[in-house]
Amino acid sequence: MKSIITIIFLLLASVAYGQEFKEDISVVQFSASFVKDSEIDLKKLKDCSTYTFYIEKNKVYFIREKIEYLPTVLVYQNGKEIMRVETGISMAFPEGTGKKIRKKVEELIGNKF
Amino acid sequence: MKKLLLLLVLFSTSVDAQILRDVFKYSTVFGSYTETSPLFTTPMYFVTQDGEVRDVTAERSNDYVVSYGIRKIARMDYENRTNRFYDGSEQNSSLSSNIGNIKGLEYLFQYSKGRQQGRDFKSERYLIRYIAKYWIGRVEMQNNGLISLNYKTADLRLRLPIGKKFSLSAGVAVRTHKPYGYNPIDEYLNSMLVDDDGNEYPANWWDLAYNYGFQDVGYGIDADFDGQIDQSDWYWVDEDGERVADTDLDFRRNDYTKIVNDYNKTMLDAIGILGTLSAVVGVDYYHYRDNLWVHSWGNLFPKHKHIHGDEEFSYETFIGSDDWVDYNYGIIFGWNINKRIGIFTEYEKTKFWDKDLVYIKAGLNLKL
């Protein structure tokens with residue numbers, strides 16, 4: 001009985017924790033309105049969930065995910081951080097970042113087959 | 001299978017290259033051959049009148065399976081890919097539930113043939129599923145010669161995702177099936193037959209045996225030699241006049257069971273395949289973390305309509321209602337309590353028509 005209660009608690013906690021953006025395979029861009037020009041276009045990623053959070057609205061996520069540079073892109077799979085791409089002080093992503101992320105997403109999906 | 005390959009080639013040559021890439025991306029074409037020694041057979045010996053011992057153990061050739069096909073079915077995260085290569089023997093939990101581990105198109109076209117325990121068989125399974133955000137479509141045909149499973153199903157539903165883990169769905173499903181609930185031999189034994197003079201009489205079990213060419217011959221036994229018959233019975237001969245049973249009971253226990261099975265099969269085959277359209281509602285939940293996962297699903301089919309085949313033998317007619325409840329549900333759960341202890345369980349229950357199937361597995365792993 002104790003085990004069942006624990007399981008139910010864990011399930012509810014996983015929902016209540018509100019981190020659905022980390023479910024399955026997702027690409028999350030942590031940004032701010034003043035660096036919009038530096039963002040990468042996530043719309044091209046069609047095989048995974050994509051999110052863009054702005055520090056003005058979702059500061060708590062930035063703290064929880066230890067975001068140090070804006071913008072930053074994180075790739076998650078089942079709650080785990082798989083890849084982090086930061087802009088650094090230049091506030092510009094390294095060249096080929098979009099392709100690198102797309103390749104990583106394809107690799108993660110490919111591992112399911 | 002040849003027709004399907006032809007369709008595949010036609011499809012490949014007629015559609016846009018990008019669509020083609022999307023359709024075949026992550027898919028695997030596979031072919032495999034497996035041969036194994038047959039299961040152990042208990043040695044059998046026959047001793048002749050002269051005391052000579054002869055080995056009469058049935059000889060069995062090796063079992064083998066040839067499988068080939070193309071597949072694009074995503075494994076759930078908890079399903080280890082134990083073999084590096086696909087060989088056609090894979091069982092994917094995602095195919096039991098309404099949602100898989102990816103959105104979009106999944107498919108499986110597989111053909112197998114071989115021999116198992118001395119019996120030749122062939123199996124086919126063709127499946128296409130599309131999971132979109134707000135709808136699910138699925139068509140499937142399976143003909144498994146090993147377990148005599150033959151059905152077609154098509155399913156179209158609207159889907160309501162609730163967060164990333166829950167999903168509700170509702171729609172319609174078409175299922176083809178054998179005439180369930182109808183037992184031809186039962187009907188035969190409760191029917192009226194007509195004799196040569198045109199008189200009706202209730203069918204007896206032995207009437208069916210006569211139809212199959214068997215005849216019974218009555219005899220009596222005077223066990224105490226007092227000139228009175230103490231016991232009477234019938235022995236049975238086949239159409240060649242060979243004695244096949246010494247008593248009615250002996251006959252019913254042996255040849256008559258084959259007659260009943262053959263009669264049932266012949267009558268059911270004559271009725272053919274039936275089709276039922278059903279309303280369906282479903283629910284799915286999937287949560288995965290490396291140390292805890294839950295995958296559960298359920299489907300309820302509360303309302304039905306016979307749409308194909310002889311309605312007289314539909315399940316609807318058999319139970320006199322169109323609102324019987326079919327359902328299936330399942331749960332797969334695994335929990336690595338800590339680095340050394342893990343527990344897991346799988347439970348699946350299906351109640352379709354008068355068929356009730358249960359699968360259960362549970363276990364504990366302790367790493368020393």
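**Strand pairing and chain contacts in the predicted complex**

In the predicted model, E6(B) and E7(B) are joined by a hairpin with three residues in the connection. The two elements of this hairpin are strand E6 (residues 119-131) of chain B and strand E7 (residues 135-144) of chain B, which run antiparallel and are joined by nine bridges. One of the residue pairs across these strands consists of two arginines: Arg129(B) stands opposite Arg138(B) in E7(B). E7(B) is also joined to strand E8 (residues 149-162) of chain B, again in antiparallel fashion, by ten bridges. Across this second pairing, Gly137(B) faces Leu156(B), which belongs to E8(B). The hairpin formed by E7(B) and E8(B) has four residues between the strands, and within this hairpin Ser148(B) adopts a positive phi near 55°.

These strands belong to an open sheet of twelve strands in chain B, with antiparallel pairing and the order E1-E4-E5-E6-E7-E8-E9-E15-E16-E17-E18-E19. The edges of the sheet are occupied by strand E1 (28-36) and strand E19 (355-366) of chain B; each has a single partner strand, so one side of each is left without a neighbour in the sheet. On average, and with direction ignored, neighbouring strands of this sheet are turned by 10° against each other. Elsewhere in the order, strand E4 (residues 63-72) of chain B and strand E5 (residues 104-116) of chain B run antiparallel and are connected by nine bridges. In this pairing, Gly69(B) has Gln110(B) of E5(B) as its bridge partner.

Chain B is divided into domain 1 (2-179 + 272-366) and domain 2 (196-258). The C-alpha centres of domain 1 of chain B and domain 2 of chain B are separated by 46 Å. Chain B has a mean pLDDT of 89, with 97% of its residues at 70 or more.

Two local features of chain B were examined further. Helix H2 (residues 17-24) of chain B is hardly covered, as the number of buried residues among its eight residues is zero. After H2(B) comes Tyr26(B), which has a positive phi, near 75°. The second feature concerns Ile229(B), located in the loop between strand E12 (215-221) and strand E13 (231-237) of chain B. Ile229(B) has 11 C-beta neighbours inside 10 Å and therefore counts as exposed, the limit for this class being 12 or fewer. When residues up to four places away in sequence are left out, Ile229(B) touches Gly220(B), Ile221(B) and Asp222(B). Gly241(B) is twelve residues from Ile229(B) in sequence, yet the C-alpha atoms of the two residues are 26 Å apart in space.

Chain A contains three helices and four strands, arranged along the sequence in the pattern α-β-β-α-β-β-α. The strands make up an open sheet of four strands with mixed pairing and the order E2-E1-E3-E4 (chain A). Strand E2 (49-54) and strand E4 (80-86) of chain A are the edge strands, and each pairs on one side only. From one strand to the next, the twist averages 20°. Strand E1 (residues 25-31) of chain A runs parallel to E2(A), with six bridges joining the two strands. Phe30(A) is placed opposite Phe53(A), a residue of E2(A). H3(A) lies across E1, strand E3 (72-77) and E4 of chain A, and runs at about 165° to E4(A). Of the 113 residues in chain A, 22% count as buried. Among contacts in chain A with a separation of 6 or more, 54% are between residues 24 or more positions apart.

Between the chains, 13 residues of chain A are in contact with 16 residues of chain B. On the side of chain A that touches chain B, helix H1 (2-16) and helix H3 (97-110) of chain A each supply at least two residues. H1(A) gives the most to this side, contributing four residues. By residue class, the side of chain A that touches chain B comprises five nonpolar, four polar and four charged residues. For the complex, the predictor gives an ipTM of 0.76 and a pTM of 0.77.

Methods. Residues numbered from 1 in each chain as written. Chains lettered and ligands numbered in written order. Predicted model: local features only at pLDDT ≥ 70, side-chain atom pairs only at ≥ 80, totals over all residues. pLDDT = per-residue confidence, 0-100. Contact = placed C-beta atoms within 7 Å. Nonpolar A, V, L, I, M, F, W, Y, C, P; charged D, E, K, R; others polar. Pairing = 2+ DSSP bridges. Axes fitted to C-alpha atoms, helices over the stretch in contact; angles between N-to-C directions. Domains from an automatic or database assignment. Buried ≥ 20, exposed ≤ 12 C-beta atoms within 10 Å, placed from the backbone.
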